[in-house]
Amino acid sequence: MTGAAIAGVVTLAIVARVATLVDDWGRDWTTNHAKWDDSATDPQMRPMRLHQRIADVRADLERWVETESIWQIESMTADPMDTLATDQTQSIHLTRRTKWLRFVDDVHVRLTEDVSSSGDVFTRVDAESQSRVGKGDLGQNPRNLKHLRDAFSAA
């Protein structure tokens with residue numbers, strides 16, 4: 001009888017934890033992909049525009065990944081040129097591994113440097129996250145992108 005009670009409590013705890021993770025019940029059970037989009041209703045799901053050179057944004061991202069045990073850089077395009085040029089672009093492939101079940105999500109970041117007509121340099125940051133396994137992500141991919149946004153905000 002005690003074993004059944006413990007199993008019931010553990011099951012209830014797992015169900016409660018899953019219920020707290022789901023932000024959008026219509027999306028999170030059926031979608032395993034999230035992307036920053038200019039038209040997103042949630043401001044945290046829109047691309048970022050940073051007033052930094054592309055090399056500085058990339059360096060900030062690399063430093064942040066080094067401090068995050070569940071994040072890893074898988075690949076990166078070559079360094080940008082050192083001169084100011086319009087529309088320099090870099091792609092960065094990150095992975096994020098869940099703590100408990102070790103599921104892997106692929107996070108692709110695209111950095112695009114541009115120079116305004118007034119000479120100001122900025123870098124646009126676009127990102128998308130996709131689970132490798134499963135039909136739904138229980139909201140993990142949007143959380144990945146929000147966590148990534150926090151990394152740029154902290155830099």
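**A helix face and its salt bridges**

Trainee: Which residues of α3 are buried?

Mentor: This is a predicted model, where local features need pLDDT of at least 70, side-chain atom pairs count only at pLDDT 80 or more, and totals for chains, interfaces and linings use all residues. Residues are numbered from 1 along each chain as its sequence is written, and side-chain values use heavy atoms, with hydrogens and water left out. Buried means under 20% relative accessible area, exposed over 50% and partly exposed in between, with a 1.4 Å probe and protein chains only. By that rule, the buried residues of α3 are I54, V57, R58, D60, L61, W64 and V65.

Trainee: Within what arc do the buried residues of α3 fall, seen down its axis?

Mentor: The arc is taken from the directions from the helix axis to the C-beta atoms. These residues line one face of the helix because they fall within an arc of 160°.

Trainee: And which residues are exposed on the other side of α3?

Mentor: Helices here are DSSP runs (H or I, at least four residues), as are strands (E, at least two), numbered from the N terminus. On the other side of helix α3, the exposed residues are E66 and T67.

Trainee: D60 forms a salt bridge; which residue is its partner?

Mentor: A salt bridge puts a side-chain nitrogen of Lys or Arg within 4 Å of a carboxyl oxygen of Asp or Glu. D60 is buried at 14% relative accessible area, and about one helical turn separates it from its partner, because the two are 3 residues apart in α3. With closest N and O atoms 2.3 Å apart, that partner is R63.

Trainee: Does R63 count as buried, partly exposed or exposed?

Mentor: R63 sits in helix α3 with D60. Its relative accessible area is 48%, so R63 is partly exposed.

Trainee: How many residues apart in sequence are the parts that E113 and R53 tie together?

Mentor: Their side chains meet in a salt bridge, 3.4 Å from N to O. E113 is buried at 0% relative accessibility, while R53 is partly exposed at 27%. E113 lies in strand β5 and R53 in the loop between β2 and α3, so the pair ties together parts whose separation in sequence is 60 residues.

Trainee: Which residues are linked with D38 in a network of salt bridges?

Mentor: D38 is exposed at 53% relative accessibility, and it forms a salt bridge with R124, the closest N and O atoms being 3.1 Å apart. R124 is partly exposed at 29%. The network links D38 with R124 and D126.
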